[in-house]
Amino acid sequence: MAIFPPDPKYIFRNMDCVNCILFQVTSNIEHLYAGTAKGNIHVWDLNTNRELYQITSNQDSCLNLQNLNNDNLFVQHKCGLLKMYKKTEAQWIMHKSMNIDFYHYCRFQVLSDNEIFIPLKESTVGILSSITFNIELKLNTSNFQNLGEIMAIKPLKNEKLVLIAYEVGKLILWDVRQNKILSSLTVETCPMALDFDTTLMKGVIAGPSDNLQIFTLSVNHVLNNKNKITITNPGTSIITIRPDAKIMAVGGWDSRVRLFSWKSLKPLAVLNQHKDTIQDINYSIQGIKVYDNKCIMATAAKDGCIALWDIYN
């Protein structure tokens, strides 16, 4: 490991447990959204490091935030409520909502500009249209018995394939448009973190143990185990592969963020700024002006803090 890990560029504080974060960066604004355990969303200005406003919901814990077309903000609450907000000049206005009747920790994922994957009961994943706000398709595992809850969803970039992790320890590759299972892989039970890189056709999945399971996907759409990485302490809550596919960031129950080379899987650094479980890791796709137009990484934790990092040099 690196002897001297980098220091954070800035730390946003004074929030309750931060479950999810989202960069909102355009030519006009550079904001960071933080969804908390109280169900509220804090909106921070990345140039002034000040909180601009809050989106208050009076709902259960906020699990996920995603923005579609910069105009639609989707918010998932642990109580099973999914909300869609519309952007006005000054603020976000709640436009639609629905109860997906799912009360676990799996986060919805974006499939396309107008579709999202949502976890449902009975080991099912639905595709929700942001236009009609109806579930247009369901991926139901009738060929498998007792897969348990949906634990993690990872769409592949071509809008045709999706990886879904199930509670019993099964990872399944689906052909979305044909509603067909292409391959499956046995993983550890209760997998909680999943990511995949279509450049190297390689992915990683982890959960309560001290192992990171690396797997590959062949050109014939067959999943295969590759190897395992053992980390110091058990419990992985979030894994993200940086958009340029050079670094893998692993957030743990032990409050550490571990950085690995994604190509060689060699450990690079351990970031130990946080004091509780890491809940989310996200990257700015565009450069941030106040940080010399560099892209930055943000980490969020149960300690109520968000740390900003420059790990691109």
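Biologist: How should I read relative accessibility, and as what does Asp101 count?

Modeller: At 28% relative accessibility, Asp101 counts as partly exposed, and please bear in mind that the model is predicted. The label follows from the cut-offs, because buried means under 20%, exposed over 50%, and partly exposed is in between.

Biologist: Which side chain meets Asp101 in a salt bridge?

Modeller: The general idea is a distance test, in which a side-chain nitrogen of Lys or Arg must be within 4 Å of a carboxyl oxygen of Asp or Glu. Here the partner is Lys121, at 2.8 Å from N to O. The two residues, which are 20 residues apart, link distant parts of the chain, with Lys121 in the loop between strands S11 and S12 and Asp101 in the loop between strands S9 and S10. Lys121 also counts as partly exposed, because its relative accessibility is 46%.

Biologist: How many salt bridges are found in the whole structure, and which residue pairs with Asp195?

Modeller: The search finds eight, and one of them joins the side chains of Asp195 and Lys154 at 3.1 Å, N to O. Asp195 lies in strand S18 and Lys154 in strand S14, so this pair ties together parts that are 41 residues apart in sequence. Asp195 counts as buried because its relative accessibility is 6%, whereas Lys154, at 23%, counts as partly exposed. Another salt bridge joins Asp254 and Arg258 at 2.8 Å, N to O; Asp254 counts as buried at 16% relative accessibility, and Arg258 is buried as well, with a relative accessible area of 6%.

Biologist: What is the nearest side chain of opposite charge to Lys83, and how far away is it?

Modeller: Asp60 is the nearest, at 11 Å, and Lys83 is buried yet has no salt bridge. The distance explains the missing salt bridge, because the cut-off is 4 Å. Lys83 sits in strand S8, residues 81-87, and, beyond its neighbours within four places in sequence, its contacts include Ser57, Gln59, Phe74, Met94 and Lys96.

Biologist: Turning to sheets, in what order do the strands of the open sheet with S14 run?

Modeller: Reading a sheet means following which strand pairs with which, and here four strands form an open sheet in the order S14-S15-S16-S17, with antiparallel pairing. S14 and S17 are the edge strands, each pairing on one side only, and the twist averages 20° from one strand to the next. S14 and S15 pair over five bridges in the antiparallel sense, and Ala152 stands opposite Ala165 in S15.

Definitions and conventions:
Residues are numbered from 1 along each chain as its sequence is written. This is a predicted model: local features need pLDDT of at least 70, side-chain atom pairs count only at pLDDT 80 or more; totals for chains, interfaces and linings use all residues. Side-chain values use heavy atoms; hydrogens and water are left out. Buried means under 20% relative accessible area, exposed over 50%, partly exposed in between (1.4 Å probe, protein chains only). Lys and Arg count as positive and Asp and Glu as negative; His and the chain ends are not counted. Contact means heavy atoms within 4.5 Å. Two strands pair if DSSP finds at least two bridges between them. Axes are lines fitted to C-alpha atoms, for helices over the stretch in contact, and angles run from 0 to 180 degrees between N-to-C directions.
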